[in-house]
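User: I would like to go through this model and ask what stands behind each label. Please set the values against the cut-offs.

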Amino acid sequence: MDLAYSAEEEEFRARLRAWLAAVLPTLPPRPDPLDWPARRAYDCGWQRRLHDAGYADVHWDASPTQRLIFLEETELAGAPYVGANFVGLLHAGPTIAAEGTAAQRERWLPPVLRGDEVWCQGFSEPEAGSDLASLRTKAVRDGDEYVVSGQKIWTSHAEVADWCELLVRTDPTAPKHRGISWLAMPMDAPGVTVRPLRTLAGSTEFAEMFLDEVRIPVGNRVGDENDGWRVTMVTLSFERGTAFVGEVVACRRLLGELARAARENGTWDDPVLRRRLGRLSAEFQALWRLTQANVSEAQATGGVPGAGGSVFKLHYSHARQELYEAAATVLGPDALDLGRDWTLDRLSSLSYTIAAGTSQIQRNIVAERILGLPKGR
Amino acid sequence: MDFRLTEDQRALRKGVRELLARLFDREALRAAVDSGGLDRELWRELGAAGFFALRLPEEEGGVGLGLPEAVLLFEEAGRVLLPGPLVATHMAAGSLRGAAEGEVVVTSASEGLVPWLDEADVVLGDVSGAVPMRSVDPLTPLHRVPGLVGPAEVPAAGDGLVAALLTAAEQVGSAGRTTDMAVAYARERTQFGQVIGGFQAVKHLCAGMLVRAELARAAVRAAAVTADPVEIAGTKLLADEAATANARDCLQVHGGMGFTWEADVHLHLKRAWVRAELWLPAARAEEVVAARL
């Protein structure tokens, strides 16, 4: 039960903090959130700076504790988040690093780390959401190529991506988890059509993607043919691990801002609101401690986060939505003004209990994998 | 940073769990419910095992351990619903003769309530005018002290905070135990031709229980390390919530059996209600945390 950081970890923190203080004032202004090419350029420029300073592979090669420190310090300093590089750095990259051949790692990882190439994710389909393993996009072998046809949905950054981590069905006769393969698809291949989808927040955060006889080299398959489900689980466990560290830090800062705003506009005098903010603060403090517990566990067991990430996400996603509901109470009628930051954030937060595995699916995972209850509906 | 239990801490937890299984098994629990009294022999055995002297320095005859070890101890006590004014006696071990050895039973007034007043040898705090209540918890006799409520502000340090933390640890133990009870029952009870633990409606209740218990456990352990007053207040809040809500859900999973006197579920719920009212109840804990924002 030791919460103190080692001398080496503290040195890592101090060096990072000094670098952030020097580099952040030199960044260009943030781009218009609706201008995707500009956002890509901005996010990749930031990744390039991280790369040149030696922080590019912090998500993969650093220890879980260093990753925790990195995410904490960058958020505290107000540095950009991974943005368009989310899939490359936190999904596809770790998967290729863990499951790819030496040649595949050499081809795809350096451009991600340098901020030269952007990846998107082609997992979900209109008929395969929570039941991802029922996906139907088919890949038929033709010599050295797969011929891929089907439809994908909720593909973030599709318009500006160079590569797509694509799940396809290579054996339609096998049980559903056993006929899937993981392919790297170039987004400029003939037959790929991207159509943006507008979210309830009004922005085009993601897209649907139509694949019409797209030819993908067999050498672009990571892992064995029909072993893509296992390969994918490696990816998803990364997403449910330390991916939310920066956001917990951000929520704790937001609570401070909320309290300041409430003191200014008088809503702080309402004990119901005040106590609600107190409870939320206790919850985010505990979520931070739970993160430290999960990171300590990951550090000891070799790095891949386990089902503890599901426990964390279940409470975090709910608490963060509650945070924006409390923000709306502080704002009063101004909560209806889209010009206020918290209004857009409140809208965006509605996805947290859905994206990366709905809360209902997370509860199944917790019940079956941790508590040992039987699989079933 | 390594927030996991050390090898020694794991050994301590295992030892305490085995000790309590021997000293206070389910038969002893139900006998205590029926008798309503405090078992002095059990109290002395706890004393002999170092339960009260855990944090006293070795040169004073104690075990020489700290708050992180103490919360592990009280978590185990909460799991088995160990009765008696454990927190008050543990905290008096350094100052009151006989407390460390379990020869003396010490209780204290908190939030207008005094547990175990008639059984105690020493009572801390002003309890003049104390009136007996018909306590909702068959394992915690209570007196009401008119006009005595907790201070408006949490003390920066001191006994009240440690008492709140140890009480929170007991709540986490209870929350973990009711999760285990619900899961065990859901795996054996059959309806509609299958165990009810296979139904999502039941599974999701159980998963929610685990989330509450794990969050509160992380909070309790961290607060034991930092001893930060605001962190302790927030911890008490989450631990109270975990214990009471988990007991409620455990009762629900047990169905009609959960509503019986015979099942142990109600004992967890009632004790959780009592602990939630002692040492920083929710309203004040929330205010304490909010004040730091």
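What follows is a set of questions and answers on the two chains.

Analyst: This is a predicted model, in which local features need pLDDT of at least 70, side-chain atom pairs count only at pLDDT 80 or more, and totals for chains, interfaces and linings use all residues. Residues are numbered from 1 along each chain as its sequence is written, and chains are lettered from A and ligands numbered from 1 in the order in which they are written.

User: What makes chain A agree with a compact globule?

Analyst: The radius of gyration is taken over C-alpha atoms, and the globule rule is 2.2 Å times the number of residues to the power 0.38. For 377 residues a compact globule would come out near 21 Å, and chain A has 21 Å, so the two agree. Along the principal axes, the C-alpha atoms of chain A fill a box of roughly 70 × 45 × 45 Å.

User: How does chain B stand against that rule?

Analyst: With 293 residues, the expected value is near 19 Å; chain B has 19 Å, which agrees. Its C-alpha trace spans about 60 × 45 × 40 Å along the principal axes.

User: How many helices and strands are there in chain A, and how many in chain B?

Analyst: Helices (H or I, at least four residues) and strands (E, at least two) are DSSP runs, numbered from the N terminus. By that count chain A has 11 helices and eight strands, while chain B has 10 helices and seven strands.

User: Which domains does UniProt list for chain A, and what are the helix and strand shares there?

Analyst: The UniProt record gives "domain: Acyl-CoA dehydrogenase/oxidase N-terminal" (unreviewed entry) for residues 7-116 of chain A. UniProt positions are in the numbering used here, feature names are shortened, and annotations may be inferred rather than shown by experiment. Residues 7-116 of chain A are 67% helix and 0% strand, with the end C-alpha atoms 34 Å apart. The record also places "domain: Acyl-CoA oxidase/dehydrogenase middle" (unreviewed entry) at residues 120-213 of chain A. That stretch is 0% helix and 51% strand, with end C-alpha atoms 19 Å apart.

User: How do you know that S2(A) and S3(A) are paired?

Analyst: Two strands pair if DSSP finds at least two bridges between them. Strand S2 (residues 138-142) and strand S3 (residues 145-156) of chain A run antiparallel and are joined by five bridges, so they meet the cut-off of at least two. One of the bridge pairs is Arg141(A) with Tyr146(A). The two strands form a hairpin with two residues between them, and Gly143(A) in the turn has a positive phi of about 65°. S3(A) is also joined, by nine bridges and antiparallel, to strand S7 (residues 206-217) of chain A; there Gly150(A) stands opposite Leu211(A).

User: Why are S2(B) and S4(B) called edge strands?

Analyst: The open sheet has three strands in the order S2-S5-S4 (chain B), with antiparallel pairing. Strand S2 (113-115) and strand S4 (131-132) of chain B each have a single partner strand, so one side of each is left without a neighbour in the sheet. S2(B) pairs with strand S5 (residues 142-144) of chain B over three bridges, and Leu113(B) has Arg144(B) as its bridge partner.

User: Why is His157(A) called buried?

Analyst: A residue is buried if 20 or more other C-beta atoms lie within 10 Å of its own, exposed if 12 or fewer, and partly exposed in between; C-beta atoms are placed from the backbone. His157(A) has 25 such neighbours and therefore counts as buried. It is found in the loop between S3 and strand S4 (163-169) of chain A, and has a positive phi of about 60° although it is not a glycine.

User: What makes Leu81(B) buried?

Analyst: Leu81(B) has 24 C-beta neighbours inside 10 Å, so it counts as buried. Leu81(B) lies in the loop between helix H4 (67-79) and helix H5 (86-92) of chain B, and its phi is near 60°.

User: What share of each chain is buried?

Analyst: Buried residues make up 42% of the 377 residues in chain A and 54% of the 293 residues in chain B.

User: How many residues does each chain give to the contact?

Analyst: Two residues are in contact if their C-beta atoms, placed from the backbone, lie within 7 Å. Chain A gives 40 residues and chain B gives 41 residues. On the side of chain A, H8(A) gives the most, with 17 residues.
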